[in-house]
Amino acid sequence: MTVQPPEPAAAAAAVHRPAVTPRPVGRDAEIERIGQCVTRAPGSPQALLLLGEEGIGRTTLLRHAQDVAAARGMLVLSAQGWAADRSGAHACLRQLLAPVQDGVAALHAPHRRTLDAVLDPAAHGPDDAADVRSAVLALLARLAVSHPVLICVDDAESCDRAFLDLLWAAVRLLGGRAVTVLLTARADAPLPGPQPPGLAHVSLGPLSAVPAAALLDRQPSAPTGRRRLEILAAAEGNPLALVELARRAPAGPPGRSLPAHDVFGERLAALPDATGRALLYAAVAGTGEPVAALMAALGTDDLSVWAPAEAAGLVTIAEDRCVLRHPLLRSAVLPRHPASERQRAHRDLAEAAAHPEARARHLAAAAVRPGESVAAALADAAWSRGDAMVAARALERAARLSPRRPQRARHLAAALLAAHEVGDPGWVRALYGRFARYAADQALTCRAAGALASVRSQEAAQREAFDLLTQASEHFPSAGRSVALASVGLAALIADRSGLPEHRTALAVLLDRARSGGPDAGAVRGAGSGAGDLVRGDAPFLHEALEAHVAVVSRPQDAGRLLHALGGGPAGVLPCAPDTPDAVAYRMALASVAYHADEAEVCLRHLHAVDAALRDRRAFGPRGWSVLALLDTLVNTGRFTEAETLVREAGEQAAVLRLPRLQADLETHALTLRALRGAVPAEPWFTPSVWHEVALEENRATYARLLRARGLACLARGDHDGGWRNLRELFTADGAPLHPFLSPRSVAELAVAAQRTGRTDDFVPLLERIRAEQGDRPSVRMTLLLHHATALTGPATRTEDHFRLALVNLEAERWPWERAHARLNYGVWLRRARRTLEARQQLTAAREAAERLGAGVLEAAAARELRASGAAPLTDATGPLEQLTAQQRQIVRMAAGGLSNREIGERLYLSPRTVSSHLYNVYPKLGVSRRQQLRDLLEDA
């Protein structure tokens, strides 16, 4: 008798779902891996096991896979293990087969009787495991004839051994059938019995920062400000922890209420009383507390008190640290103990604490009423760990504990400055709203306004930010000169971001007000240093640097003179200790001057030091000001790999802190790097949700970076009309720059677009205006760019003169991409003038530079021109020079011909030092030790 498979309609009804569940956040790689397994892509496994801790998202991924499979017409069978299930040995199998019971009737009688017994909860069930296995495999094989079958088992570690053995048999014996098995299990709970060799594993780790923040922001009544950052830190990327912690009262500190889903109840209830008390102290202290401090607070030296908690997988004692194994454990432990026990734990931990910040924190947590002594202790110790987040939380709590209004205002101002260093706008706004209710002194008011203005600028509200500082300038006479200059320094940063002429004009008025300020007021207790609090002391060198920073924003063409006056050249020495806040402030101001002077090495030296100091403090607020100048300089000096790393790292921080203007700037840098490398993605190039929050008219620095990035992307794709349209928008119709510093530095790229599209007549008046505005002594970089642009679009009789002038200054090697770009176009001109040998020299040098930089578009263009000039391909190099680059071969041949390093450099437009460096590197490759051996080597070749 021929047995018919079950009707498709019945099978489809059994697995129908209304819609595919939302795609899990931050799991793209895992979803792709699961999808390959479900669809049985070539090389994918037939069975896949998802491993991870509680709440990491195993079940969410499994359900998503089920819904996707059902939407594709697959038959989905599912089961879930439960350790407390006492319904019999075949409980999981009954779950799995319940939707396809109708198909059992079509099986042969022995298989039918076996499965009927299995599916009947009242029946004892068959005793022969082999009969059950044979019947289930027969059913699965028949089901797979009509529909691919997906078997999904959640919490497989709690399933019975016989059920898992049956699944392993299906994997082994149904390899040629459309049957796939997906399972999940806790990473710390091994599956019973041996696993088949073909079982693949996927370990689910915590979500990274950006997906974790996105998941938290999706929750109903999603938290903001300090609370949001605390949840992100406490959850450690665990999705369940993010959801559960977000459900609690917004004002409550972490760990004060039981999660809706207590995943640790049984394990905690089974602990001895002494271990439960130790776990309370660990939860009160927070993960990573030194074991010595915990044992001192507990009043015992017996480490065996932790053994039951370690055996239960709740804590790890390692390297003198007690680590809670799960981010929700603290929330599960604390509500099990009354308030009096928690208070006692804080007091004991305060007494045992070796670090002043920990002692003050525990004393504050144990306090039941406001008190200035505890508040003062918190404020004094706030920055002792050098961490902006820790400091801001401590100072905010100090403000809550201060019973008197003046002290509360000072603590709030200090908390506001620390929160600004963290970089979260919501937190800063909340603190500013509380601070504004107090009648604070003028210095505090100015600093608070600076912190708020800084984050509003990061949020793209440049006009509002500048207006805040203009209003605060009324308090300059009473605030003190240092505070006033710090405010003007911040106003200059905002004016540079906005690019608005009225802001640059207003800087002179603000600077005059700051210079007339009185003596400095007292420092804010606990205040850090950053863009909103740039100058803390009354050091004249700080004031001088800050005034120069303001001046270069108003007139970038004066930057070189101002940098020289500050003594900020390559050999410049810091006028203060390098690790102080004054050093960070001074470096930021000096780097701004060097940046506008196109002194790349000076700029990078100071910005790298600033970035390292702020990174150590977790102070992304002020880093948001310095990172863009650092990226501009890294990209323009050819440090593409370092720039790409910084774009990714800063982009994560900006996304977590929700800083749209900074995100937009970072996206433009990412596109610029792709365009230079020759890896332009398909449009859209940017994240629409970010750009919708950025008003480009008042964020002209961002707009200028956007236009350049899009222009380079168009040129990289051969769309010269698109390149012209985007780059031309860097200037108004009458030639005024959209941004006074950034726009002129795209002049050579715009000249290329003008030449390629036949718009040189439109471009020449613009070029003349740019040249005039750069003054009599433009920077080395601008000299290169202006001569390059003129060579491309100026009178034909002067073309070669301008190309030579663009390349003659060897200091321009500090801008390798722009110099190689000029070499490329010079080589093209020489080739078309039938000066083939000279063209090859320039094109080879351009290709070598592009190869070192990883500038794929430039390298490909140089290679094409070299082929057009008749040069042999790189692979044709033979003999002892085969292992050298084309430029190194040129240098070796010239050196063997008797030319000096200076003569070689003049011919190749390289510095003698660069030539010497090349020869030093090639000698070991060629097996020679001195210059005279090169001629013999080439003669013997």
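**Strand pairing and burial in the predicted model**

Strand β3 (residues 149-154) is largely enclosed by the rest of the structure, because 6 of its 6 residues are buried. The model is predicted, and the burial of this strand applies to both of its faces. Val149, Ile151 and Val153 lie on one side, Leu150, Cys152 and Asp154 lie on the other, and all of these residues are buried.

Strand β3 has a parallel partner in strand β2 (residues 75-80), to which 6 bridges join it. Within this pairing, Leu150 of β3 stands opposite Val76. A further parallel pairing, made by 5 bridges, joins β3 to strand β4 (residues 179-186). Here Leu150 has Thr180 of β4 as its bridge partner. Between β3 and β4 the chain passes through helix α7 (residues 161-173), and the resulting β-α-β crossover is right-handed.

Strand β4 also pairs with strand β1 (residues 47-52), in the parallel sense and over 6 bridges. One of the pairs in this set is Gly52 with Arg186, the latter in β4. Strand β1 pairs in addition with strand β5 (residues 199-203), again in the parallel sense, over 5 bridges. In this case Leu48 stands opposite Ala200 of β5.

The cover on β1 was examined in the manner used for β3. Strand β1 is mostly covered, with 6 of its 6 residues buried. Ala47, Leu49 and Leu51 point one way from the strand, and Leu48, Leu50 and Gly52 point the other way. Each of these residues is buried. Gly52, with its bridge partner Arg186 in β4, and Leu48, opposite Ala200 in β5, both belong to the group that includes Leu50.

Antiparallel pairing is found in an open sheet of 3 strands, which has the order β6-β8-β7. The edge strands of this sheet are β6 (289-290) and β7 (315-318), each of which pairs on one side only. Strand β7 is joined to strand β8 (residues 321-324) in the antiparallel sense over 4 bridges. Among the residues involved is Val315, whose bridge partner in β8 is Leu324. In general, the strands of a sheet pair through backbone hydrogen bonds, in either the parallel or the antiparallel sense.

In the helical part of the model, Gln458 was considered individually. This residue belongs to helix α22 (residues 442-458). Gln458 has a relative accessible area of 3% and is therefore buried, the cut-off being under 20%. Apart from neighbours within four places in sequence, the residues in contact with Gln458 are Gly621, Gly624, Trp625, Leu659, Pro660, Arg661 and Leu662.

Across the protein as a whole, there are 47 helices and 8 strands. Of the 941 residues, 56% are buried. Taken along the principal axes, the box filled by the C-alpha atoms is roughly 100 × 80 × 60 Å. When contacts between residues at least 6 apart in sequence are considered, 70% of them join residues at least 24 apart. The accessible surface comes to about 39,100 Å², and carbon and sulfur atoms account for 51% of that area. The protein has 109 positive and 102 negative charges, and the mean positions of the two sets are 1 Å apart.

Conventions
Residues are numbered from 1 along each chain as its sequence is written. This is a predicted model: local features need pLDDT of at least 70, side-chain atom pairs count only at pLDDT 80 or more; totals for chains, interfaces and linings use all residues. Side-chain values use heavy atoms; hydrogens and water are left out. Helices (H or I, at least four residues) and strands (E, at least two) are DSSP runs, numbered from the N terminus. Buried means under 20% relative accessible area, exposed over 50%, partly exposed in between (1.4 Å probe, protein chains only). Contact means heavy atoms within 4.5 Å. Accessible areas come from the Shrake-Rupley method with a 1.4 Å probe; for residues, only the protein chains shown count as cover. Lys and Arg count as positive and Asp and Glu as negative; His and the chain ends are not counted. The place of a charge is taken as NZ of Lys, CZ of Arg, CG of Asp or CD of Glu. Two strands pair if DSSP finds at least two bridges between them. A crossover is right-handed if, with the strands pointing away from the viewer, the path from the first strand over the helix to the second runs clockwise.
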